[in-house]
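Me: I have a structure open and would like to go through it step by step. Can we start with the sheet and then move on to other parts?

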Amino acid sequence: MGTDNARAADETTIRILLEDHAAALRVKDADGVLSHRTVGFVQFSLAPPLRSAADKNGLQSWFATWQGPLGYEIRETRIVIGDDVAFGYGFVRLSGTKTDGTWNDLWFRQTIGFRRIAGASRIVHEHDSVPFYMDGSLRAAVDLKP
C-alpha cells in the first residue's frame, strides 16, 4: 500500500480525470470521452444492452439524440484507492433537450473502476443505475434526487 500522500495524489489525479471525462460528455466529444477509457472497457449503462463496450459510433449516435451541450453534474463522489486499482461511486445528473424538444433531467447512481496502466489511471468499468419501485410496477425511480 502506498503512503497517505501518494493516495491523496492518486485521488486528486482521478478526480481530475473524472472532471475531464465529464467535460467531454458535456460538449459531446466522443474522442475525449473515449480517451479516458482502456482497451477492454466495459459499461453497464442505463440503456440496453446489459453490457456494452467503448464504441465511438454508438457514443456519437447517442450524442446526436440531444440538442446542444449536455448537462452532466457529478456529486458526492467517493474514491477508494488500491495499489493499481481504484473505484469511485456517487451520483450523476444528466440533463438536456432531446432532438424532439423533450427536456430530460435525471439523477442516477454511478460506479467507475480505474486501473493504473503505464503509470496513469484509466477507466476500465462504468456502471450506471437507477433504483426501481418495489411496489410491483417495476417503474424506474427517476424522480429521486440526492
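Reply: The turns below take up the sheet, the salt bridges, one loop residue and the largest pocket.

Me: What kind of model is this, and how are residues numbered?

Reply: This is a predicted model, in which local features need pLDDT of at least 70, side-chain atom pairs count only at pLDDT 80 or more, and totals for chains, interfaces and linings use all residues. Residues are numbered from 1 along each chain as its sequence is written, and side-chain values use heavy atoms, with hydrogens and water left out.

Me: OK, the sheet. What's the strand order?

Reply: The order is β2-β1-β6-β5-β4-β3, in an open sheet of six strands with mixed pairing. Strands (E, at least two residues) and helices (H or I, at least four residues) are DSSP runs, numbered from the N terminus. Two strands pair if DSSP finds at least two bridges between them.

Me: Which strands are at the edges?

Reply: β2 and β3 are the edge strands. Each has a single partner strand, so one side of each is left without a neighbour in the sheet.

Me: How many bridges join β1 to β2?

Reply: Two bridges join them, and the strands run antiparallel. Ser52 in β2 is the bridge partner of Gln43.

Me: And β3 with β4?

Reply: β3 and β4 pair in the antiparallel sense over 11 bridges. A hairpin with three residues joins β3 to β4. Tyr72 stands opposite Leu94 in β4.

Me: Then β4 with β5?

Reply: That pairing is antiparallel too, over 13 bridges. Arg93 stands opposite Trp107 in β5. The two strands form a hairpin with four residues between them, and Gly101 in the turn has a positive phi of about 90 degrees.

Me: Changing topic. How many salt bridges are there?

Reply: The count comes to 11 salt bridges. A salt bridge here is a side-chain nitrogen of Lys or Arg within 4 Å of a carboxyl oxygen of Asp or Glu. In general, side chains of opposite charge can pair when their charged atoms come close.

Me: Which residue does Arg7 pair with?

Reply: Arg7 forms a salt bridge with Asp83, and the closest N and O atoms are 3.6 Å apart. Arg7 lies in helix α1 (residues 4-26) and Asp83 in the loop between β3 and β4, so the pair ties together parts that are 76 residues apart in sequence.

Me: Is Arg7 buried or exposed?

Reply: Arg7 counts as buried, at 14% relative accessibility. Asp83 is partly exposed, with a relative accessible area of 45%. Buried means under 20% relative accessible area, exposed over 50%, and partly exposed in between (1.4 Å probe, protein chains only).

Me: Which residues are linked in a network of salt bridges?

Reply: Glu73, Arg75, Arg93 and Asp105 are linked in one. Within it, the side chains of Glu73 and Arg75 meet at 2.9 Å, N to O. Asp105 forms a salt bridge with Arg93, with the closest N and O atoms 2.6 Å apart. Asp105 lies in strand β5 and Arg93 in strand β4, so this pair ties together parts that are 12 residues apart in sequence.

Me: How exposed are those four?

Reply: Glu73 is partly exposed at 27%, and Arg75 is partly exposed at 31%. Asp105 is partly exposed at 33%, and Arg93 is partly exposed at 29%.

Me: Where is Asp100?

Reply: Asp100 is found in the loop between β4 and β5. Asp100 is exposed, with a relative accessible area of 62%. Asp100 and Thr65 are 35 residues apart in sequence and 8.3 Å apart in space, C-alpha to C-alpha.

Me: Last topic. What volume does the largest pocket have?

Reply: The largest pocket has a volume of about 680 Å³. Of the 26 residues that line this pocket, the closest to its centre are Gln43, Ser45, Ala47, Leu59 and Trp62. A pocket is an open set of points on a 1 Å grid over the protein atoms alone, where a 1.4 Å probe fits, with protein on both sides within 12 Å along at least five of seven lines; lining residues have an atom within 4 Å of a point. The volume is the space filled by probe spheres set on the points.

Me: Which element gives the most to the lining?

Reply: β5 does, with five residues.
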